[in-house]
Amino acid sequence: MNFIPQVETAEMSDVDLDNVSGGMAGGGSGGLFLEVPPLGVCADAFAFLSAEGVAAGADLQLGAH
């Protein structure tokens, strides 16, 4: 006798999925790129808040041409 497992699937909306995963309370990001020969500056930052906690980061790059 062959046993075939039965699997039921359901579609979830983005709102339902956010409620299951905790969702995102708020967040933002921004960036800056400035190039004046012979120098280049690139910077960006982000921060996000959710039920699980806060994630934040920043990056700065300097380059000489």
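Reader: Among contacts between residues at least 6 apart in sequence, what share joins residues at least 24 apart?
Author: In this predicted model, 29% of such contacts in the protein chain link residues at least 24 apart.

Reader: Which secondary structure elements does the chain have?
Author: The protein chain has one helix and three strands. Along the sequence they follow the pattern α-β-β-β.

Reader: How do β2 and β3 pair?
Author: Strand β2, residues 39–50, and strand β3, residues 53–64, pair in the antiparallel sense, over twelve bridges.

Reader: And what joins β2 to β3?
Author: A hairpin makes that connection, through two residues.

Reader: Which residue does L49 stand opposite?
Author: L49 stands opposite V54, which belongs to β3.

Reader: Turning to the surface, which residues form the nonpolar patch?
Author: The patch consists of L32, L34 and V36, and together these residues have about 290 Å² of accessible area.

Reader: Where does L34 lie?
Author: L34 is part of strand β1, which covers residues 24–36.

Reader: Why does L34 count as partly exposed?
Author: Its relative accessibility is 47%. Partly exposed covers the range between under 20%, which is buried, and over 50%, which is exposed, so L34 at 47% is placed in the partly exposed class.

Reader: What percentage of the chain's residues count as buried?
Author: Of the 65 residues in the protein chain, 3% are buried.

Reader: What is the accessible surface of the whole chain?
Author: The protein chain has an accessible surface of about 5800 Å², and carbon and sulfur atoms account for 61% of that surface.

Notes: Residues are numbered from 1 along each chain as its sequence is written. This is a predicted model: local features need pLDDT of at least 70, side-chain atom pairs count only at pLDDT 80 or more; totals for chains, interfaces and linings use all residues. Side-chain values use heavy atoms; hydrogens and water are left out. Two strands pair if DSSP finds at least two bridges between them. Helices (H or I, at least four residues) and strands (E, at least two) are DSSP runs, numbered from the N terminus. Patches are made of residues with over 30% relative accessible area and no salt bridge: like charges are joined within 9 Å, nonpolar side chains (Val, Leu, Ile, Met, Phe, Trp, Tyr) within 5 Å. Accessible areas come from the Shrake-Rupley method with a 1.4 Å probe; for residues, only the protein chains shown count as cover. A salt bridge is a side-chain nitrogen of Lys or Arg within 4 Å of a carboxyl oxygen of Asp or Glu. Buried means under 20% relative accessible area, exposed over 50%, partly exposed in between (1.4 Å probe, protein chains only). Contact means heavy atoms within 4.5 Å.
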